[in-house]
Amino acid sequence: VSTTRAYSVSRWTSASVATAVLAGVLLLVLAVAPGLFPANVVDRLTALFIYVILAGMWNALSGYGGLVSIGQQAFFGLGGYFAIRLSEWGVSAYPALFAAAALAGVVAFAMSFFVLLLRAGEFAVGMWVVAELLRLLVNLDNLIQGDTGRSLIALAAYGMELRRNLTYWLALASMTVLLGTVFVLLRSRVGGAIQAIRDNEEAAISVGVRVIGAKRIIFVLAAVGCAMAGALWLATSTTFQPRSFFGIQWTAYMIFMVLVGGLGRFEGPILGAIIFFFIETWFGAAGVWYLIGLGATALAFALFLPRGIWGFIEDRFQIHLLPVGYRLHLRAAASQEAGGEDMGHDNRAGGSR
Amino acid sequence: VNALNAVLQGVLLGGYYAMIACGLSFMVGVMKVINLAHGSLAILAAFALYFLAEHLGINPFLALAGVLPLMGLIGFLLQKAILERSARAGSLVPILATFGLAIVLDNALFEMFGANTRSLANYIGALSFDSWALTDDLYVGKLAVLIFVAAIALLGGLQLFLTRTQPGRMIRATAEDPDTAELVGVDSRMVNALAAAIALATVGLAGMFMGMRATFDPYAGPLQLIFAFEAAVIGGAGSLWGTIVGGIVLGAAQTLGAQIHPQGFLIAGHAVFLLVLFGRTVLPQGGLRLLAAMMTGGRL
């Protein structure tokens with residue numbers, strides 16, 4: 001028997017190594033950016049990081065976990081609310097943001113024992129009802145003063161400049177850690193299980209995947225991420241209003257970013273968030289027509305390009321910048337010119353199953 | 001008497017919920033699709049009737065003759081152009097597509113009609129406020145009773161259509177198994193489009209009654225969708241008569257909740273919905289059967 005196998009398996013390509021290096025350099029540049037850029041650019045970049053977090057979390061949940069949720073605003077809102085609550089109880093402002101995200105994670109963990117038992121469509125709308133119920137319950141807290149809202153007063157202790165920079169760094173660090181966690185998770189054993197569930201739940205069960213356990217990990221992670229985004233949003237806008245923090249528009253933005261960027265691809269939501277960021281910057285002032293445009297674009301992508309822009313690029317040019325799957329290279333007679341078949345689950349169709 | 005009155009009004013309100021839920025439930029049953037634009041389409045129908053009444057002076061009941069076929073056509077197109085196509089990319093993509101459609105509809109209505117709340121109550125004369133006295137303290141609104149009776153008639157009519165007519169049987173066959181239905185000569189894609197048209201016609205009817213019994217604005221759609229979804233799930237999604245039970249449970253919970261706290265109307269509705277869902281998924285099958293047996297007096 002020949003010792004040389006007819007194939008080899010690889011994960012990193014030269015393109016993906018280059019991407020990882022570039023991403024590292026970019027993060028370093030962004031880390032020193034507050035000293036280089038004017039204040040309004042720093043503010044806008046903070047918003048961009050929050051969008052990337054939201055898109056990355058919704059993609060992890062729906063694109064990889066197969067859990068389409070219309071209610072992720074539940075955790076965005078909880079992040080903001082808990083930050084206010086904890087600050088009121090004496091936790092200082094910035095630690096309160098982290099604690100709020102962790103607390104939302106605890107709520108998500110408890111909730112997961114129920115909501116993860118729901119079937120696909122029931123889960124999607126059921127989460128929306130959960131978000132609505134949480135909004136109404138938060139409204140009952142006298143601290144919030146109903147729809148008037150409440151400010152994170154403790155932030156005023158910091159100077160304007162320091163506050164802007166701290167929030168910026170916190171958003172950058174949160175984005176890096178959260179997306180890094182998703183990346184590492186997807187490449188681990190659990191990640192393989194999660195993608196197997198997405199592709200075919202029955203088949204995954206038959207090969208011994210613990211479905212609920214794997215889904216629970218991704219559900220709690222997505223909740224913590226969305227709550228962190230909500231807490232950060234509070235730090236930039238300072239006033240918590242239940243109607244806007246628990247608003248369905250947050251999930252609409254997430255769906256837009258992920259559908260346009262590429263559902264079920266790691267790079268997709270990052271691209272989608274950047275696109276959304278520019279659309280918002282240029283057309284946000286158009287009000288109603290801007291929203292009609294967002295809805296119509298999401299609809300068009302669902303109909304005509306369900307794999308999103310990154311899915312299209314990936315299929316067309318076989319580029320994998322941040323691979324979470326594996327590549328199989330055949331050395332047989334008909335060795336493939338195109339660089340081998342991709343054996344990872346990461347370039348499956350944009351649909352969740 | 002207060003609680004009794006609340007339950008009575010809640011039961012009647014349940015008639016409206018059953019009416020708006022049955023189209024949603026029907027589409028889940030036949031096409032296995034949750035249409036997130038469901039509520040927004042009901043609002044669209046209400047605005048169409050409002051426009052006809054306000055600018056052309058047409059009575060809403062009369063205008064229904066034009067609006068219902070129009071809603072049916074929209075349903076046909078919705079299935080052909082959006083649901084059928086997006087379902088090819090995965091079973092959950094239609095949810096995202098109809099969510100996008102809902103955002104477009106809500107904001108387009110806002111662009112056309114502005115933020116003002118509207119009502120159809122002004123165009124139906126005394127019907128909007130007349131009531132019958134049951135006892136000295138108990139009154140039922142004539143409109144509320146009409147809606148309840150209409151809901152029963154609608155569900156009964158749908159049931160007869162599904163069991164007694166050829167197209168109805170084709171819809172049931174397609175719902176059961178589209179591939180096998182094709183084998184015996186059913187054009188399942190056409191049947192799905194027909195089912196969507198029927199579902200949207202019921203949405204048009206529900207939109208009219210919603211506009212008569214309350215006020216509405218361009219962004220009222222999502223909440224109507226949630227109510228429809230809650231009633232459909234409480235009653236058992238896919239079951240037509242279940243929606244009347246689901247609607248009544250939801251309506252009674254809401255009106256009772258409103259007695260307890262100003263925000264109790266919505267909170268109690270959502271809570272009951274989640275409790276029913278919780279009970280159905282978490283309680284083992286045996287527990288549920290026991291519960292059902294207790295409620296029906298021992299019959300298993």
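# Two chains and how they meet

Between chain A and chain B the count of salt bridges is 0. That is a useful starting point for this predicted model, in which the contact between the two chains takes 40 residues from chain A and 41 residues from chain B. About 3,700 Å² is buried between chain A and chain B, and carbon and sulfur atoms give 84% of that area. On the side of chain A, the residues F114(A), V129(A) and L303(A) supply 15% of the area that this chain buries against chain B, which is more than any other three residues supply.

One of these three residues, L303(A), also appears among the buried residues of helix 13 of chain A, and this helix is a good place to continue. Helix 13 runs over residues 288-304 of chain A, and its 17 residues reach 24 Å from the first C-alpha to the last, close to the 24 Å expected at 1.5 Å a residue. Its buried residues include V288(A), Y290(A), I292(A), L294(A) and F301(A). The cover over the buried residues of helix 13 comes from both chains, since it includes helix 11 (249-261), helix 12 (268-283) and helix 14 (308-317) of chain A together with helix 3 (60-87) and helix 4 (93-113) of chain B.

Before going further into chain A, it is worth asking how far the model can be trusted there. The mean pLDDT of chain A is 86, and 92% of its residues reach 70 or more. Over residues 333-353 of chain A, however, the pLDDT is below 50, although this stretch has 56 contacts in the model beyond near neighbours in sequence. Where pLDDT is low, the predicted coordinates should not be read in detail.

Elsewhere in chain A, G225(A) lies in helix 9, which covers residues 211-237, and with a relative accessibility of 0% G225(A) counts as buried. Leaving aside neighbours within four places in sequence, G225(A) is in contact with I53(A), M57(A) and L178(A), and its C-alpha atom is separated by 8.6 Å from that of M175(A), a residue 50 places away along the chain. A contrasting glycine is G90(A), which lies in the loop between helix 3 (73-88) and helix 4 (93-115) of chain A and is exposed, with a relative accessible area of 60%. G90(A) and A154(A) are 64 residues apart in sequence, and their C-alpha atoms are 9.2 Å apart in space.

Chain B offers buried polar side chains to compare. Q254(B) is placed in helix 10 (residues 240-260) of chain B and counts as buried because its relative accessibility is 0%; not counting residues up to four places away in sequence, Q254(B) touches L13(B), Y17(B), F227(B), G264(B), F265(B) and G269(B). T98(B), in helix 4 of chain B, is likewise buried, with a relative accessible area of 0%, and among the residues that T98(B) touches are I34(B), N35(B) and L83(B). K32(B), by contrast, sits in the loop between helix 1 (2-31) and helix 2 (38-56) of chain B and is exposed, with a relative accessible area of 53%. Most residues other than glycine have a negative phi, whereas K32(B), which is not a glycine, has a positive phi of about 55°.

Helix 8 of chain B, residues 188-213, should span 38 Å at 1.5 Å a residue, and its end C-alpha atoms, 37 Å apart, agree with this. Because 21 of its 26 residues are buried, helix 8 of chain B is largely enclosed by the rest of the structure. R189(B) forms a salt bridge with E84(B), the closest N and O atoms being 2.9 Å apart. Since R189(B) lies in helix 8 of chain B and E84(B) in helix 3 of chain B, the pair ties together parts that are 105 residues apart in sequence. R189(B) is partly exposed at 48% relative accessibility, while E84(B) is buried at 17%, and K80(B) joins E84(B) and R189(B) in a network of salt bridges.

Over all chains, a search of the whole structure finds 12 salt bridges. Another of them pairs D315(A) with R307(A), with the closest N and O atoms 2.5 Å apart, and both partners are partly exposed, D315(A) at 30% and R307(A) at 31%. The count of disulfides over all chains, on the other hand, comes to 0.

Technical notes
Residues are numbered from 1 along each chain as its sequence is written. Chains are lettered from A and ligands numbered from 1 in the order in which they are written. This is a predicted model: local features need pLDDT of at least 70, side-chain atom pairs count only at pLDDT 80 or more; totals for chains, interfaces and linings use all residues. Side-chain values use heavy atoms; hydrogens and water are left out. Helices (H or I, at least four residues) and strands (E, at least two) are DSSP runs, numbered from the N terminus. The expected span of a helix is 1.5 Å times one less than its number of residues. Buried means under 20% relative accessible area, exposed over 50%, partly exposed in between (1.4 Å probe, protein chains only). Contact means heavy atoms within 4.5 Å. A disulfide is a pair of cysteine sulfur atoms within 2.5 Å. pLDDT is the predictor's confidence in each residue, from 0 to 100. Buried area is the accessible area (1.4 Å probe) that two parts lose on being put together, summed over both. A salt bridge is a side-chain nitrogen of Lys or Arg within 4 Å of a carboxyl oxygen of Asp or Glu.
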